[in-house]
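Subject: Handing over the structure

Hello,

Here is the structure I promised to pass on to you. Please open it alongside this email, and I will then walk you through what turned up in it.

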Amino acid sequence: LKKEDELISFNRDYMTVYNHIRGLLDNPGAYSIIDGKKIKFHKVRCTDEVLVNPGVVYGIHNGGLLIGAINGSIIVDEIQSEGKNKMNAKDFFNGAGKNLVNKMFI
């Protein structure tokens with residue numbers, strides 16, 4: 001795999017996004033970029049609930065950080081910001097994550 005294969009685009013069907021992330025979870029890892037920062041995804045779920053546009057961060061929903069995709073959403077339970085340790089989504093959101101609400105992953 002190349003580094004660009006690990007980059008997640010949320011402008012696709014939510015099941016495609018979910019399976020792409022899931023396929024990269026252990027190694028090498030899946031990531032996306034928001035606000036110029038690389039964010040890695042370590043544990044995710046999906047839902048057919050559509051609360052926001054693709055790539056947009058909604059906030060905490062059902063215990064995880066909700067990010068829009070086409071026809072549904074991705075719920076991230078464990079996340080890692082560039083240069084930081086892996087953490088659960090609630091802790092991430094209570095820190096830097098609140099500043100990402102309504103912003104979009106590229």
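A word on one term before we start: a residue is called buried when its relative accessible area is under 20%. Please also keep in mind that this is a predicted model.

With that term in hand, a good place to begin is strand β5, which covers residues 72-81. Of the 10 residues in β5, 8 are buried, so by the under 20% cut-off this strand is mostly covered.

Which strands pair with β5? One of them is β2, which runs antiparallel to β5 and is joined to it by 8 bridges. If you want a spot to look at, find Lys-40, whose bridge partner in β5 is Gln-80. Strand β4, residues 64-69, also pairs with β5 in the antiparallel sense, here over 5 bridges. In that pairing, Ala-69 has Gly-72 of β5 as its bridge partner. β4 and β5 make a hairpin with 2 residues between them, and Asn-71 in the turn has a positive phi of about 65 degrees.

Strand β6 is another antiparallel partner of β5; it spans residues 87-88 and is held by 2 bridges. There you can see Ile-79 standing opposite Met-87 of β6. The β5 and β6 hairpin has 5 residues between its strands, and Gly-83 takes a positive phi near 80 degrees in it.

Now over to strand β1, residues 30-34. How many of its 5 residues are buried? The count is 4, and β1 is mostly covered as a result of that tally. β1 runs antiparallel to β2 (residues 37-47), with 5 bridges between the two. Within this pairing, Ser-32 has Ile-39 in β2 as its bridge partner. The hairpin of β1 and β2 has 2 residues between the strands, and Asp-35 in this hairpin adopts a positive phi near 55 degrees. While you are in this region, look at Tyr-31 as well: the charged end of Lys-38 sits over its ring, 4.6 Å from the ring centre.

Next, the aromatic rings. How many aromatic pairs does a search of the whole structure find? It finds 3. One of them is formed by Phe-10 and Phe-41, edge-to-face, with 5.8 Å from centre to centre and 85 degrees between the planes. Phe-10 lies in the segment before α1 (14-24) while Phe-41 belongs to strand β2, so this pair ties together parts that are 31 residues apart in sequence. Both of these residues, Phe-10 and Phe-41, are buried.

Phe-10 also pairs with Phe-105: the ring centres are 5.4 Å apart and the planes stand at 40 degrees, so this pair is tilted. Here the chain is bridged over a distance of 95 residues, from Phe-10 in the segment before α1 to Phe-105 in the segment after α2 (89-94). Phe-105 is buried, just as Phe-10 is. Through these ring pairs, Phe-10, Phe-41 and Phe-105 are linked into a cluster.

What about open space? The largest pocket holds about 200 Å³. It is lined by 14 residues, and those closest to its centre are Lys-37, Ser-81, Phe-92, Ala-96 and Leu-100. Two elements, β2 and α2, give two or more residues to this lining. Sorted by class, the lining of the largest pocket has 6 nonpolar, 3 polar and 5 charged residues.

Two more places are worth a visit. Val-56 is in the loop between β2 and β3 (57-61). Is Val-56 buried or exposed? Its relative accessibility is 11%, so Val-56 counts as buried. The C-alpha atoms of Val-56 and Ile-67 are separated by 5.6 Å, and the two residues are 11 apart along the chain.

The other place is Thr-16, in helix α1. Thr-16 has a relative accessible area of 40%, and is therefore partly exposed. From C-alpha to C-alpha, Thr-16 and Ala-69 are 9.4 Å apart in space, with their positions 53 residues apart in sequence terms.

Enjoy exploring, and do write back with any questions.

Best wishes

Conventions. Residues numbered from 1 in each chain as written. Predicted model: local features only at pLDDT ≥ 70, side-chain atom pairs only at ≥ 80, totals over all residues. Heavy atoms only, no water. Buried < 20%, exposed > 50% of the residue type's maximum accessible area, 1.4 Å probe, protein only. Pairing = 2+ DSSP bridges. Phe/Tyr/Trp six-rings, centres within 6.5 Å; stacked < 30°, edge-to-face > 60°. Lys NZ or Arg CZ within 6 Å of the ring centre and 35° of its normal. 1 Å grid on protein atoms, 1.4 Å probe; cavity = no way out; pocket = protein on both sides within 12 Å on 5 of 7 lines; lining within 4 Å. Points joined across faces, edges and corners; volume = space filled by probe spheres on them. Nonpolar A, V, L, I, M, F, W, Y, C, P; charged D, E, K, R; others polar.
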